[in-house]
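Here is a short tour of one protein chain and its ligand. Please keep the model open beside the text as you read.

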Amino acid sequence: MIALAYDLGASSGRALLGRLSGNRIEVEEIHRFPNDPVQAGGRLYWDILRLYHEIKQGLLAAKHRGALPQTLAIDSWAVDFGLLGRSGELLANPYHYRDAHTEGVMERVFETVPRADIFARTGIQFLPFNTIYQLAALKAARAPQLDAAEHFLMIPDLLRYFLTGERASEFSNATTTQLYNPLAGDWDGELLTRLGLERRWFGKVLQPGERAGRLQPSVCEELGVPAIEVVAAAEHDTGSAVVAVPARQRPFAYLSCGTWSLMGTETEQPVMGEQALALNFTNEGGYGGTYRLLKNIMGLWILQETRREWEKQGQSYGFPELVALAEQSPAFGVWIDPDDAAFLAPGDMTPRIRDYCARTGQRAPQTPGEFVRCIMESLALKYRYVLEMTERLSAQRFEGLHMVGGGIQNTLLCRWTASAIGKPVWAGPAEGSAIGNLAVQWIAQGAFADIWEARAAIADSFPVTTYEPRDGAAWNEAYGRFRELAGLG
Ligand code: ADP
Ligand code: LRH
């Protein structure tokens, strides 16, 4: 059985062809492309039509291999969206969630709907770029696209709409808007109305695994392909990544490690109490009505931006080279809280790291190796904190941590994470989101009975590397100091 998964991350997109025979999965990356945001007129956008073009290139690559899939599905980063007008045209180019137009908006929304109310209705963590605040920002700016809007579609929905002509949302990604009420099982009409947003923009919500149409005739004609069936995957990339965690049973803890680091556990019910609100944890919807009780950690974004900064200055480093420089630098020099608001916006990171160090009475890193070491150690230490909070909130203990995503190619980060948390890390698969996307397509086709059968096949088909913790006393001591420095109680 052949399925095609498109996984669009914040730094790159890829098309993976998956073949399933018996319980054996084989994947082949047939197309990979950068997903560079575009600055224009002082705003930051995704290049949505280029992404759609790349999706088509993926289909052509499958065709040229003589391996047309039975089904295809798309997952992507969360929260971003496009609005369609009366005749189905895209009204404006989607913003990048890191655009500055949401600055201060979250706090203004709380004046209309208090923070605790929003959490009680949605169970979603407060991130300034959530869809709810993006729409509120457009509303405050009287953006003309709102006057003409008829339909709201998130990024994978929009690309799926271009392919099929059909408009529908999808559960896992819909929850990330902070406008979906998991208890009611629908968009939260009251929340929308209180914010002056139109309930009618928000359409049907498909569950991951539901059929979502076929390639429309114009696409088939353009590419010379048949009317392939399109399935709704867990269209939030993190939702797909968690499907691919090769765990044999619950409970398990995961870290989806890419541009972002998403750490948490899979639950059957959302955890929406006061403690979850205070710790700013989220309950994103998952496959089969599950939830991802997790927390966003700023992740390798800081390293990506630092690399970009040096590149701009004419110093070009690959990721493996940066990791090697970090390894050669002295241990436990200085740390940042990666989730400090200073690190969210795009731009040069080394001045912000220096500034953080000044604020916290630390000597700033000097060399590239010291900067990278600071970023990576800080991430490992923050992982320990969030893992402890996940245990506390879910009243569970984890034997170890599953790591998936492109970030596991940073084996030093995996090693340090194991040492920081004092438990083994099981790393793999790296293409977690794409593989989870394929798995949901195969469940939809009846090839797997359920998610556990899919996870067992993933565990048997892809290598998992175990990293055992080392230097426990040194990391414990570092963790104590890190918590104090970052004000983590
Ligand atoms: P996203 O899906 O968010 O675009 P990925 O899952 O592709 O992100 O992960 C990208 C990250 O993986 C990069 O920021 C980089 O830090 C890390 N990475 C990728 N390749 C390597 C490598 N060869 N060595 C070390 N780290 C790597
Ligand atoms: C990771 C991710 C994450 C969201 C962020 C916007 O790619 O989907 O889960 O919080 O992007």
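The protein chain is assigned two domains, domain 1 (2-231) and domain 2 (245-428 + 449-489), with bounds that come from an automatic or database domain assignment. This is a predicted model, in which local features need pLDDT of at least 70 and side-chain atom pairs count only at pLDDT 80 or more, while totals for chains, interfaces and linings use all residues. Residues are numbered from 1 along each chain as its sequence is written, and chains are lettered from A and ligands numbered from 1 in the order in which they are written.

**How the domains meet**

The C-alpha centres of domain 1 and domain 2 are 25 Å apart. Across the boundary, 23 residues of domain 1 are in contact with 23 residues of domain 2 (C-beta atoms, placed from the backbone, within 7 Å). On the domain 1 side, E3, helix H3 (115-122) and helix H7 (171-175) each supply at least two residues. Helices (H or I, at least four residues) and strands (E, at least two) are DSSP runs, numbered from the N terminus.

Two sets of residues can be split by class; Ala, Val, Leu, Ile, Met, Phe, Trp, Tyr, Cys and Pro count as nonpolar, Asp, Glu, Lys and Arg as charged, and the others, Gly among them, as polar.

| Set | Nonpolar | Polar | Charged |
|---|---|---|---|
| Side of domain 1 that touches domain 2 | 13 residues | eight residues | two residues |
| Shell around ligand 1 | six residues | 11 residues | no residues |

**The ligand shell**

Ligand 1 is surrounded by 17 residues, the closest being Gly9, Ser11, Gly258, Thr259 and Gly406; a residue counts as near if its C-beta atom, placed from the backbone, lies within 6 Å. Each of the two domains gives the shell at least three residues. Helix H12 (301-312) and helix H13 (319-328) each supply at least two, and the largest share, three residues, comes from H13.

**A six-stranded sheet**

An open sheet with mixed pairing runs in the order E3-E2-E1-E6-E14-E13, where strands pair if DSSP finds at least two bridges between them. Strand E3 (24-34) and strand E13 (211-214) are at the edges with a single partner strand each, so one side of each lacks a neighbour in the sheet. Strand E2 (residues 12-21) pairs with E3 in the antiparallel sense over 10 bridges, and Ala15 stands opposite His31 in E3.

Technical notes: Two residues are in contact if their C-beta atoms, placed from the backbone, lie within 7 Å.
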